[in-house]
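This report describes one molecular structure in plain terms. It takes a single helix, then one whole chain, then the places where chains meet.

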Amino acid sequence: MGDNGFVKRAMVIGGGIAGISASIDLGNGGYEVVLVEKLPSIGGRMLQLSETFPTLDCAQCTLTPKTVETGQHPHIKLLTYSEVEQVEGKAGNFLVTVRKKAGYVDWEKCTGCGLCQQKCPSKDPSEFDRGMGLGKAIYTLSPQAVPNKPVIDPSHCRYFKEKKCRVCEKICPVGAIDYEQRDRFVEERVGAIITAVGFDLIPMKSFGEYGYGEVPDVIDGLAFERLNSASGPTTGEIRRPSDGKIPKEVVFIQCTGSRDPERYMPYCSRVCCMYTAKHARLYKHKVHDGQAYIFYMDIRSTGKGYEEFIQQGMEEEGILYLRGRVSRIFRDGEKVIVWGVDTLTGKKVEVSADMVVLATAIVSQKNTKDLAGKLGIKTDEYGFLTEAQRKLRPVETDVEGIYIAGCAQGPKDIADAVAHANAAASKVQGLFARH
Amino acid sequence: MDYLYFPGCTLNTKAKNFDQTARDCSLLLGFELKELKNWTCCGATFPLATDNIMALLAPSRILATAREEGTALTTLCAVCFNVIKRTNRLIQEDGEKRDKINNFIEKNYQGDLRILHYLEILKHEIGFSQLKERVKKPLTGLKAAAYYGCMLLRPFEEMGFDDKEKPTLFEDFLEAMGAQATEFPYKIECCGSFQSVGSPDVATECAYKILGSAIKNGAEAMVSTCPMCTFNIDHKQSDIKQKYLDFKPIPVFYFTQLLGIAMGLDYQTLGFEQNAVDPLPLLKEKGLL
Amino acid sequence: MKIELTRQKVHNEFAKKVELISGQNLFACYQCGNCTAGCPVAFAMEVGPHEVIRYTLLGLEDEVLGVNTFWLCASCLQCTSRCPKGIDIARVMDALRMVVLRKKERKDHIQIPEFPEGFLEKVPQIAFVSGFRKFLS
């Protein structure tokens, strides 16, 4: 705290790559940071990814050192499975009330041994694996989770649903299971807040013409990431959800819900061109005799090494790019019929695909608007946080002491989200230095 | 100094004027074009189908024979230049094709000849400034458009003749002769080439565009390095005139004919009777006869 | 008007043959259209060279072999010279000619007996020799 009572301690809301990056920057700057994450562990969306473009580095391999560093950082306090409840005060003296959600596990006692997860008898579709794999009711998001402590999801837990089971309680060697646990509230006094709550994908059920998300072999981009992940439901083999067969004809559809002002989102989601190219290439790496088709409207590959990455995909991996939107997808026996067009020849194109991957639009997290209300900052009509000035003040907000970082402000790739977070952290340090 | 010389079919017949003027001028410039023995047609097209070895044999045999007589081979015709230079490079770089070709022609040629175009001798061996000093009758007042066509320039990586989009070698030559070189955008565009056989109307249209572009930019005459181009832009002017009534024909020279005038050769030895559009009225008007 | 694509069709025998003869990778084409934009004979073509490449890639053999594009190509190499992907398009055009001329029907593109009177005397050898190489089986 400065002599004038200005609290030089920051809160970062959101533990994805943006929030982590900002926290580490601030921590390394010597400031104390409280990192609030709504899920049980940090890492965010990047934890779901298999490889990242344009280098095809393993996402977990690049992310894990960052999550570990965050978890062990002497200046960073993690509040996971927590959400911001209330914010009062102003720059230099915010009082933030954080709800620590009941996870029914006493993390003070828990050693993270993992026995409870092994023995838990419930098996339900895992949200982390986009519904493709089965998860336990007591879970961590990954074996390398930070912190590596589980929580119980009462909506899947037999004890909560049927009042019997209690296997985890019986197996836990340290008696950490606490079915009576309630939400708790903690107060944190901070001088600045960085909001980095990330993004979501527009749900597949939005797309009637693509089967309302009901065609099993039509999946979204994050689901493909999970399919391709060694830690995913198929341990990295490309197998389609309906019958586990290896798909030989895979159609990727860019701009699903993006650049569609009439029906969905008018904006470009910025990452789909690149991750679709990546998906198609990774698919070809695993299924050599398979064919990847990509329907696109334009190819936007503006980052460093991105255009080269796209062209390599076409040229060296034989990915067939088809310029045009897909009008309809429906199931026909074992096949998924795709009605598209190749506007370069002016011909309608029909593919009897084994699997379809939709590059669905990036949308804001559904509670972003709520949070913005608590913080007194603005969102745009799509729920993305609004920066103070479009060009020259990209990480500030209209409220002094409150900053934004990453996809909460709008779609970004990892490199841009990290740069945005670095900028936000630097702004906070500047603010602290002035007081 | 002598240069081993490959005339090519058309220079032996329909473009004798090109061949003869080149030989005569070289003597005036102190070198001789020594005609290659037992030469054959080069095939008139470098085979673009990569599996077409047969079409490489004629130029390969020409090269192998030439290597027995010297270390460099000179051509005048842009098409021959292209075919021979590209074949030479292919033999140099592609060991597998080289072996195949040598097996066919029963030679052991390694692709180590230097392939020269006559204009390159003028520029690099003699030098345009030297050449300028040898000019007896400068082509003062003659506005001539240097038409490169395709084969001298492309593919750039293999021909290495001059800049592929804005070459100036040919204009520099004309300026050395005292002429005024007309810059025009179509100087590197195609005359229609062998489409004069396949789709004559298309070739006529190509020629019309080239001539029109040169005329629009002030040219009074065209200058060519290629009997194929010359056929399309000179001999087809009668067809152009039939289609475009307001078209005013202009003479097309081989560059060696202009060199001959400048070197002071008698115009009656320059073979103008083989030119389709008679150049004499223009030359007379410019006082160059 | 409609193409049903399969992986067999995307890697169709026809396209493979064209790639083999031309030595070019058709998948490298990103359809910028530069070849067509600079083609001196495009005005007379039914479709541009870039479209021919697209059609070939999609296995539309009959449609490709039915257009005049590759017959009209004068091998001037302007497309080749400017292709941003390094595709030697003139070789692709030549390969298409070869695909037709090498068929057992030996369907020549020009018929010498049909030349107008005096044509052979008028046209220089250079045009005949190259023309025959491009148009006759």
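## Helix α2 of chain A

In α2(A), the buried residues are A:Ala59, A:Gln60, A:Leu63, A:Thr64, A:Thr67 and A:Thr70. Around the axis they cover an arc of only 130°, so they sit on the same side of α2(A). The model is a predicted one.

What do these buried residues pack against? In chain A, the buried residues of α2(A) pack against α1 (17-28), β2 (32-36), β3 (51-52), β4 (57-58) and β5 (76-79). The face of α2(A) that is turned away from the buried side carries A:Cys61 and A:Gln72, which are exposed.

The length of the helix can be checked too. Helix α2 of chain A runs over residues 59-72 and has 14 residues; at 1.5 Å a residue it should span 20 Å. Its end C-alpha atoms are 20 Å apart, which agrees with that expected span.

## Chain C

Chain C contains ten helices and one strand. Along the sequence, its pattern reads β-α-α-α-α-α-α-α-α-α-α. For 137 residues the globule rule gives 14 Å, and the radius of gyration of chain C is 16 Å, close to that value, so chain C is as compact as a globular protein of that length.

The table collects further values for chain C.

| Property of chain C | Value |
|---|---|
| Box filled by the C-alpha atoms, along the principal axes | roughly 50 × 35 × 25 Å |
| Buried residues, as a share of the 137 residues | 59% |
| Contacts between residues 24 or more positions apart, as a share of contacts with a separation of 6 or more | 65% |
| Exposed area | about 5900 Å² |
| Share of the exposed area supplied by carbon and sulfur atoms | 52% |

## Contacts between chains

Which chains share the most contacts? Two pairs of chains are in contact, and of these, chains B and C share the most contacts. In this pair, 44 residues of chain B are in contact with 44 residues of chain C. Between them, chain B and chain C bury about 3700 Å², and 62% of that area is on carbon and sulfur atoms. Of the area that chain B buries against chain C, B:Leu48, B:Phe194 and B:Val197 supply 20%, more than any other three residues.

Chain A and chain B are not joined by any contact. The closest C-alpha atoms of chain A and chain B lie 20 Å apart.

Key. Residues numbered from 1 in each chain as written. Chains lettered and ligands numbered in written order. Predicted model: local features only at pLDDT ≥ 70, side-chain atom pairs only at ≥ 80, totals over all residues. Heavy atoms only, no water. Helix = DSSP H or I, 4+ residues; strand = E, 2+ residues; numbered from the N terminus. Expected span 1.5 Å × (residues − 1). Buried < 20%, exposed > 50% of the residue type's maximum accessible area, 1.4 Å probe, protein only. Arc of directions from axis to C-beta. Contact = heavy atoms within 4.5 Å. Rg over C-alpha atoms; globule rule 2.2 N^0.38 Å. Areas by Shrake-Rupley, 256 points an atom, 1.4 Å probe, with all protein chains shown as cover. Buried area = accessible area lost by both parts, 1.4 Å probe.
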